[in-house]
Amino acid sequence: MPAVYANSSNQVAALKELYVDSNDYMKDLVYKENPFFALVPKNESPDGFAGKYIPVPLEYGTPQGRSHGFSNAQNQQTAASLASFFVYVISDYQLVTITNLLMEQTKSNAGAFVDAAKLQMDGGFRNITNNIAFEIFADGTATRGISTSASTQNGTVAGGTVIPLSNAQQIVNFEVGMLLVASSSQGGAVSSDTVIITAVNRATGILSGTASASSLSGNWAIGSGAAYLSISGDLPSAGASSTSSYLALSGLQAWLPVTSPASNDSFWGVNRSADPTRLAGCRFNASAYTIEEGITNALAFLNREGGKPDLLVMDFASYAALVNSLGAKVQYVQVKHDEVEVAFEGITFQSAYGKVTVLADRSCPPATGYLLTMSTFKLRSLGKVPHILTYGMEGLEGLRVGSADALEIRIGYYGNLICSAPGWNCVVSLSA
């Protein structure tokens, strides 16, 4: 689809103190409504993701060679069971384009420029931040939601394609203007035809959009089944059949899958079926329990495996159900960020190894909780996630658009999420 440029001013350097020299944009635009993204440990140094990949070694089995009989101990020796994930860096981009006309119109008024440009820059930062917050929970395939067989199409009429989501809560992953493609399976090959979203019904979980073809391809499963929806360019055209082909972050659903890894698993070069718990995290199905009982039992299960979680993240509906279940027993707590002045309100939950903080996050999958030992995670990147891409130039710079009378500012990051001990973390399927 043709790009739509924002109007702003040419004194681009005037934005430097807002988006380069100040941490306020991280506090207000990036972290404020995304607690897990804010609180996950980070390495944003120049060496945060040096090289093509980061090796993540771990020991998932101790060396054998113990027995009450000396000869048995000697003959039963084995080496420690070791594995190393080789996690690749991924890239993510958000472009903000400013026409030269308004730059000239506001040349003598830096304040007018900053006001006009800040509106567009803030929107750009929010958009890429929303994507990061979504992907840090996701499985690496960038699948934002799944449609139902109730989907319909009316040719290429504006808004004539109607796509109900299989879970209405996935609507938080969609915005008007997104250009969607479809796959017939999670991470499968993507359609060449597209649908641009024209309306989002956040109460019912229904998308309306305009199709690029009079009859959408079978990937969209219009009226017949499920389609897996992603943004154009977030999946390779042939799909993401392995981690090496992922274009998106490997988030919690990748490191802690709800389904135990199959015998032919290959996750960043490791077959996790050798020890699905220590290599792919704990899984606990609490759907048959009340939400309070389910979390208590999941904590006991994870504690048994050596995990000492300090954070439980869930979506808002599950969080509300937990608060209602606890009733008068609920205890509130504030969690502060170590570096950026931002705080989140949550509740505390008791485990055998101490209190666990429970936070609601809009990007967490519905009816799912993540019991996390936060010290085992790290978001590694080259510079802040996200930041202005300056290409070695000093401060904030823009690039002249070759085909238009405009200036382009690029926001992005290079990095990925790693986990050094998946077995100390647990994904919980909740009853509410």
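A colleague and a modeller discuss how the labels given to parts of this predicted model follow from their definitions.

Colleague: What should I know about the model before we begin?

Modeller: Residues are numbered from 1 along each chain as its sequence is written, and side-chain values use heavy atoms, with hydrogens and water left out. The model is predicted, and local features need a pLDDT of at least 70, side-chain atom pairs count only at pLDDT 80 or more, while totals for chains, interfaces and linings use all residues.

Colleague: How confident is the predictor, and where is the pLDDT below 50?

Modeller: On the pLDDT scale, which gives the predictor's confidence in each residue from 0 to 100, the protein chain averages 88, and 90% of the residues score at least 70. Over residues 6-11 the pLDDT is below 50, although this stretch has 31 contacts in the model beyond near neighbours in sequence, a contact being heavy atoms within 4.5 Å.

Colleague: What makes up the protein chain in terms of helices and strands, and how much of the chain counts as buried?

Modeller: There are ten helices and 22 strands, where helices (H or I, at least four residues) and strands (E, at least two) are DSSP runs numbered from the N terminus. Of the 432 residues, 50% count as buried, a label that means under 20% relative accessible area, with exposed over 50% and partly exposed in between (1.4 Å probe, protein chains only). Among contacts with a separation of 6 or more, residues 24 or more positions apart account for 74%.

Colleague: Why is the pair of Tyr53 and Tyr88 called tilted?

Modeller: Rings of Phe, Tyr and Trp (its six-membered ring) pair if their centres lie within 6.5 Å, and planes under 30 degrees apart count as stacked, over 60 as edge-to-face and the rest as tilted. The structure holds 15 aromatic pairs; in the one formed by Tyr53 and Tyr88 the centres are 6.0 Å apart and the planes at 45°, so the pair falls in the tilted class. This pair links distant parts of the chain, with Tyr53 in strand E3 (residues 53-61) and Tyr88 in strand E4 (residues 81-88), 35 residues apart. Tyr53, at 37% relative accessibility, counts as partly exposed, and Tyr88, at 28%, is also labelled partly exposed.

Colleague: Why is the pair of Phe284 and Tyr289 stacked?

Modeller: The planes of Phe284 and Tyr289 are at 20° and the ring centres 6.3 Å apart, so the pair is stacked. Phe284 has a relative accessible area of 17% and is therefore buried, whereas Tyr289, at 35%, counts as partly exposed.

Colleague: Which residues do ring pairs link into a cluster, and what lies over the face of Phe267?

Modeller: The cluster consists of Tyr53, Phe85, Phe86, Tyr88, Tyr246, Trp255, Phe267 and Trp268. Over the face of Phe267 lies Arg272, at 4.1 Å from the ring centre, the rule being that NZ of Lys or CZ of Arg is within 6 Å of the ring centre and within 35 degrees of the ring normal. Arg144 lies over the face of Phe134 in the same sense, at 4.4 Å from the ring centre.

Colleague: How do you know that Asp265 and Arg272 form a salt bridge?

Modeller: A salt bridge is a side-chain nitrogen of Lys or Arg within 4 Å of a carboxyl oxygen of Asp or Glu, and the N to O distance between Arg272 and Asp265 is 3.0 Å, so the pair qualifies. Asp265 is buried at 15% relative accessibility, and Arg272 is buried at 5%.

Colleague: What makes the salt bridge of Glu33 and Arg362 a tie between distant parts of the sequence?

Modeller: The closest N and O atoms of Glu33 and Arg362 are 3.6 Å apart. Glu33 lies in the loop between helix H2 (24-31) and helix H3 (35-39), and Arg362 in the loop between strand E16 (354-360) and strand E17 (368-372), so the pair ties together parts that are 329 residues apart in sequence. Glu33 counts as exposed at 52%, whereas Arg362 is partly exposed at 30%.

Colleague: What makes E6 and E7 edge strands?

Modeller: The open sheet of six strands has the order E6-E11-E8-E9-E10-E7, with antiparallel pairing, and strand E6 (145-146) and strand E7 (161-164) each pair on one side only. Two strands pair if DSSP finds at least two bridges between them, and E6 pairs with strand E11 (residues 228-231) over two bridges.
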